[in-house]
Amino acid sequence: LARVLKRRGIKTNTVVGIMMERSLGMLMGIMSILKAGAVYLPVDSQYPENRIINMLENSHASFLLTNRAIVEEKSLASLARKRELEIILVDDLAEE
């Protein structure tokens, strides 16, 4: 997973938000972000949308690691279009 993240453009000191339910997948995501040399920003999916947007904007996060269910629930696609934020879906990474 760390190699896939690097291919996506994640470099040393890049801030990567991670918004997933607490699980083994979240732990793997955190470890992969750190292995890629990036910094992870934990974002709770239960936060209000305004708080999520502020956290991502204030941290200058370039990427958000999450899954499809959360993106649809929080309508994060509009956020990605509005600012330079690439959403990486863990659901799709299994194919890479």
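**Questions on the fold of a predicted model**

Q: Where in the chain is the place of Asn13?
A: In this predicted model, Asn13 belongs to neither a helix nor a strand, but to a loop. That loop joins two elements, and Asn13 has its place between helix 1 (2-7) and strand 1.

Q: Is Asn13 buried or exposed?
A: The backbone of Asn13 has a positive phi of about 65°, although Asn13 is not a glycine. The relative accessibility of Asn13 is 59%. Exposed means over 50% relative accessible area, and therefore Asn13 counts as exposed.

Q: In which loop is His60 found?
A: His60, like Asn13, has a positive phi without being a glycine; for His60 the angle is about 60°. With a relative accessible area of 62%, His60 is exposed. The loop that holds His60 lies between helix 3 and strand 3.

Q: What pattern does the chain follow along the sequence?
A: The secondary structure comes to 6 helices and 4 strands. Read along the sequence, these elements give α-β-α-β-α-β-α-α-β-α.

Q: In what order do the strands of the open sheet stand?
A: The sheet has 4 strands with parallel pairing. Its edge strands, each pairing on one side only, are strand 2 (39-42) and strand 4 (86-89). Neighbouring strands are turned by 30° against each other on average, direction ignored. The order across the sheet is 2-1-3-4.

Q: Which residue in strand 3 is the bridge partner of Met19?
A: Strand 1 (residues 15-19) and strand 3 (residues 63-66) run parallel and are joined by 4 bridges. In strand 3, the bridge partner of Met19 is Thr66.

Q: Which residue in strand 2 stands opposite Val16?
A: Strand 1 is also joined to strand 2, by 4 bridges, and the two run parallel. Opposite Val16, in strand 2, stands Tyr40.

Q: Which residue of strand 4 stands opposite Leu65?
A: Strand 3 and strand 4 pair in the parallel sense over 4 bridges. Across from Leu65, the residue in strand 4 is Ile88.

Q: What angle does the direction of helix 2 make with that of strand 1?
A: Helix 2 (residues 24-35) packs on the sheet. The strands that helix 2 touches are strand 1, strand 2 and strand 3. With the direction of strand 1, the direction of helix 2 makes an angle of about 175°.

Q: At what angle to strand 2 does helix 3 run?
A: Helix 3 (residues 49-58) lies across strand 1, strand 2 and strand 3. Relative to strand 2, helix 3 runs at about 165°.

Q: Why is strand 1 largely enclosed by the rest of the structure?
A: On one side of strand 1, Val15, Gly17 and Met19 are buried, and on the other side Val16 and Ile18 are buried too. Strand 1 is largely enclosed because its buried residues number 5 of the 5.

Q: Which residues cover the two faces of strand 3?
A: Both faces of strand 3 are covered, and the residues named on each are all buried. On one side these are Phe63 and Leu65, and on the other Leu64 and Thr66.

Q: What distance separates the C-alpha atoms of Ile18 and Gly29?
A: Ile18 is found in strand 1 and counts as buried at 0% relative accessibility. Beyond four places away in sequence, Ile18 touches a number of residues, including Met26, Gly29, Tyr40 and Leu64. Ile18 and Gly29 are 11 residues apart along the chain, and their C-alpha atoms are separated by 7.6 Å.

Q: Is Gly25 buried or partly exposed?
A: Gly25 lies in helix 2. The C-alpha atoms of Gly25 and Thr66, 41 residues apart along the chain, are separated by 9.9 Å. At 31% relative accessibility, Gly25 counts as partly exposed.

Q: How many residues in the lining of the largest pocket are nonpolar?
A: The largest pocket holds about 160 Å³ of space. Among the residues that line this pocket are Met20, Arg22, Pro42, Asp44 and Tyr47. By class, 2 lining residues are polar and 3 are charged, while the nonpolar ones number 5.

Q: What share of the residues in the chain is buried?
A: Of the contacts in the chain with a separation of 6 or more, 64% come from residues 24 or more positions apart. The chain has 96 residues, and the buried share is 44%.

Terms used:
Residues are numbered from 1 along each chain as its sequence is written. This is a predicted model: local features need pLDDT of at least 70, side-chain atom pairs count only at pLDDT 80 or more; totals for chains, interfaces and linings use all residues. Side-chain values use heavy atoms; hydrogens and water are left out. Two strands pair if DSSP finds at least two bridges between them. Axes are lines fitted to C-alpha atoms, for helices over the stretch in contact, and angles run from 0 to 180 degrees between N-to-C directions. Contact means heavy atoms within 4.5 Å. On a 1 Å grid over the protein atoms alone, a cavity is a set of points where a 1.4 Å probe fits but cannot get out, and a pocket is an open set with protein on both sides within 12 Å along at least five of seven lines; lining residues have an atom within 4 Å of a point. Grid points are joined across faces, edges and corners, and a volume is the space filled by probe spheres set on the points. Ala, Val, Leu, Ile, Met, Phe, Trp, Tyr, Cys and Pro count as nonpolar, Asp, Glu, Lys and Arg as charged, and the others, Gly among them, as polar. Buried means under 20% relative accessible area, exposed over 50%, partly exposed in between (1.4 Å probe, protein chains only).
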